[in-house]
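This report introduces a protein model to a reader who has not seen it before. Please look over the sequence and the structure before reading on.

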Amino acid sequence: QHFAAYSQWRTQLADHLDAFRKCLADNELSVAQTELRLSRLLDKLQEDRLHVAFVAEFSRGKSELINAIFFASYGNRILPSTAGRTTMCPTELLYDPDRPAAIELLPIETRETSTSIAEYRKIAGAWSVVPLATDSPERMQEALRSVSAVQRVTPNVANTLGFAPGSEEAQLPIGEDGLVEIPRWRHAVINFPHPLLKQGLVILDTPGLNAIGTEPELTLALLPEAHAVLFILAADTGVTQSDLAVWNEHIAQPGRRKRGRLVVLNKIDSMWDELKSAAEIDA
């Protein structure tokens with residue numbers, strides 16, 4: 001409701017600015033500098049979006065939470081949310097009416113270049129596009145599985161792409177064939193016509209600690225600039241060392257934005273037990 005009210009206020013403000021600009025023009029009071037300032041303000045209002053980042057270690061129920069908020073109407077799990085790693089690359093969930101419903105995927109090999117994700121956004125040919133059939137839950141599921149796609153490469157290639165195979169922190173074991181499993185994609189953008197996304201909400205779904213650490217742009221730009229960060233913990237695991245590492249290194253650093261940093265305790269239903277009293281469960 002608050003977000004809908006904000007969206008309505010933004011639309012009304014844009015209408016008033018446009019009316020003011022027309023009034024100036026009709027009465028020959030408009031000058032080039034004023035016209036330019038009003039145009040920039042209107043552009044900023046139209047492009048204004050609220051960015052919320054979902055951050056968690058693996059298996060904290062983050063993808064399931066996003067499923068519940070944005071895809072519940074399908075009556076099925078649309079985002080992959082089975083045990084293990086589900087989101088293998090940073091994923092943005094948004095809506096742009098000027099583009100078709102689709103998933104845009106940036107290949108992991110682009111890390112070998114000095115071009116940033118922000119710059120790649122302007123290069124349409126660099127992204128693989130998977131269309132979204134929003135009227136079919138099964139086809140939606142199939143399309144969104146592509147976000148968690150992986151590929152097997154040699155340790156040298158993995159190292160070149162920013163992964164450290166074999167280390168405990170990286171959680172990228174070297175297989176019997178001598179190859180390492182890494183994400184196929186560097187970044188994903190899902191353009192989906194959900195009512196909240198239509199009002200300007202943008203969700204950034206981030207992978208676990210290792211994947212956050214290997215994408216500098218995520219830690220230096222996308223996370224710090226998010227208006228809100230939902231840090232998700234799981235009731236069945238508690239606060240682990242890796243959870244603390246994500247919080248201390250990427251969310252609660254000194255000098256970073258303090259407001260809008262929220263901790264969410266997920267999987268609370270796993271604490272329910274018919275053999276325990278209500279007081280024991282609450283405790």
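The text below describes pockets and then backbone angles.

The model discussed here is predicted.

**The largest pocket**

The volume of the largest pocket is about 680 Å³. Its lining is made up of 27 residues, and those closest to the centre are Arg 49, His 51, Glu 92, Leu 94 and Arg 121. Several helices and strands take part in this lining: strand 1 (50-55), strand 2 (91-94), strand 3 (102-107), helix 4 (117-120), strand 7 (185-191), strand 8 (201-205) and helix 9 (216-225) each contribute at least two residues. Helix 9 provides the largest share of the lining of the largest pocket, namely four residues.

**The second largest pocket**

The second largest pocket holds about 310 Å³ of space. Around it stand 18 lining residues, and Arg 10, Leu 45, Gln 46, Glu 47 and Asp 48 are nearest its centre. At least two residues of this lining come from each of helix 1 (2-26), helix 2 (32-47) and helix 7 (195-198). Helix 1 makes the greatest contribution to the lining of the second largest pocket, with six residues.

The linings of the two pockets are set out by residue class in the following table.

| Pocket | Nonpolar | Polar | Charged |
|---|---|---|---|
| Largest pocket | 14 residues | three residues | 10 residues |
| Second largest pocket | six residues | five residues | seven residues |

**Residues with positive phi**

Most residues other than glycine have a negative phi. Glu 28 is not a glycine, yet its phi is positive, near 55°. Where is Glu 28 placed? Glu 28 sits in the loop between helix 1 and helix 2. Its relative accessible area is 75%, and because exposed means over 50%, Glu 28 is classed as exposed.

Ser 59 likewise has a positive phi, near 60°, and is a residue other than glycine. The position of Ser 59 is in the loop between strand 1 and helix 3 (62-70). Is Ser 59 buried, partly exposed or exposed? With a relative accessible area of 39%, Ser 59 lies between the limits of 20% and 50%, and is therefore partly exposed.

Some elements appear in both parts of this account. Helix 1 and helix 2, which flank the loop holding Glu 28, each supply at least two residues to the lining of the second largest pocket. Strand 1, which borders the loop of Ser 59, supplies at least two residues to the lining of the largest pocket.

Definitions and conventions
Residues numbered from 1 in each chain as written. Predicted model: local features only at pLDDT ≥ 70, side-chain atom pairs only at ≥ 80, totals over all residues. Heavy atoms only, no water. 1 Å grid on protein atoms, 1.4 Å probe; cavity = no way out; pocket = protein on both sides within 12 Å on 5 of 7 lines; lining within 4 Å. Points joined across faces, edges and corners; volume = space filled by probe spheres on them. Nonpolar A, V, L, I, M, F, W, Y, C, P; charged D, E, K, R; others polar. Buried < 20%, exposed > 50% of the residue type's maximum accessible area, 1.4 Å probe, protein only.
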